[in-house]
Amino acid sequence: MDASPDLPHQGRVPVFNLPGIVTISIAVLAAIHGLRSVLPDETDLSVLLNLAFIPARWTAAFDPGSAAEIIRAAGEGAGGAEIASARQDFARYLVADPSSMPWTGATYALLHGSWVHLIFNAVWLAVFGTPVARRYGVLRYGLLALAGIVAGAVVHLLVDPYSLMPLVGASAGISALMAAAARFVFQPPPAFVAGAPWQLPPRPRLQTIPELMRNRPAVLFLAVWFVTNLLFGVLALPLGGNEGPIAWDAHLGGFAAGFFLLPLMERGSIRPHG
């Protein structure tokens, strides 16, 4: 007698078994970059100036007295006198507008510096966004990524407040998803619970920080991630198709947001006091 359960008929197995929201996220980023690639240069520059995050713009808006210092700092970067003069002209343009364009603290993640930069981020989004989206659903996945994006912009602003370099890329949000996934993927699956639906795998709980620090695969992943970001940040080397060095501080801000905010996303983690 065959005692195995009557399994449902299996349809075609998809080549890319990504959650819908992760697929949509990648498609939106690709569509935006594809559209930018066919825009006239002047229009694309306008898109960049209105959506990218520029620390000096926010610094000037929050502290109008810093305008002179921003212009002075712009003339001290690498390059000849002509390049320094061009940077100072750009600094004057930014500080002349009193608006901080607050939306740029989030919209910068929609832009990428090149197709290689986009593909690099899309791969990491697929790898680490998938377990988070499957565990928490569309809304919490989006909130966590957004928190990482905003945190990345804020940390970048604090580290380099006079920078004129536009910050672009979804890396800070992806870093938040990486940190979130690290809290529960680097552990063996929990034991099967009697009475639970056999079709659903047991849901691993979040590891506490002390437990995570005793988990060798998790510690190795965290160490490699931090060393890679700090190394490329200190050496100012390009990574992932960026035309300039990676914004390691934005990555760290996004990572910290995902790591410490994730417990708030757990169902039942917030209980009323009474």
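According to the unreviewed UniProt entry, the annotation "transmembrane region" covers residues 15–35, 108–129, 141–159, 165–186, 218–240 and 246–265. The model examined here is a predicted one, and two of these spans can be set side by side in it. Residues 141–159 are 100% helix and 0% strand, with their end C-alpha atoms 27 Å apart. For residues 165–186, the helix share is 55% and the strand share again 0%, while the end C-alpha atoms lie 36 Å apart.

Turning to the interior, the largest nonpolar core comprises 41 residues, and V132 and L262 have the most contacts inside it. Helices α1 (20–38), α7, α8 (171–182), α10 (216–235) and α11 (248–265) each contribute at least two residues to this core. The greatest contribution comes from α7, which provides 12 residues. Apart from this core lies another one, made of 10 residues that include L49, A56, A74 and L94.

The surroundings of V132 are worth a closer look. Leaving aside residues up to four places away in sequence, V132 touches G137, Y141, L144, L177, A180, A181 and F184.

Helix α7, which spans residues 115–159, also holds V123. This valine belongs to a nonpolar patch on the surface, formed together with W115, I119, F120, W124 and V127. The patch as a whole has about 550 Å² of accessible area. V123 itself counts as partly exposed because its relative accessibility is 46%, a value that falls between the 20% limit for buried and the 50% limit for exposed residues.

Notes:
Residues are numbered from 1 along each chain as its sequence is written. This is a predicted model: local features need pLDDT of at least 70, side-chain atom pairs count only at pLDDT 80 or more; totals for chains, interfaces and linings use all residues. Side-chain values use heavy atoms; hydrogens and water are left out. Patches are made of residues with over 30% relative accessible area and no salt bridge: like charges are joined within 9 Å, nonpolar side chains (Val, Leu, Ile, Met, Phe, Trp, Tyr) within 5 Å. Accessible areas come from the Shrake-Rupley method with a 1.4 Å probe; for residues, only the protein chains shown count as cover. A salt bridge is a side-chain nitrogen of Lys or Arg within 4 Å of a carboxyl oxygen of Asp or Glu. Helices (H or I, at least four residues) and strands (E, at least two) are DSSP runs, numbered from the N terminus. Buried means under 20% relative accessible area, exposed over 50%, partly exposed in between (1.4 Å probe, protein chains only). UniProt positions are given in the numbering used here, feature names are shortened, and annotations may be inferred rather than shown by experiment. A nonpolar core is a set of buried Ala, Val, Leu, Ile, Met, Phe, Trp, Tyr and Cys residues joined through side-chain atoms within 4.5 Å. Contact means heavy atoms within 4.5 Å.
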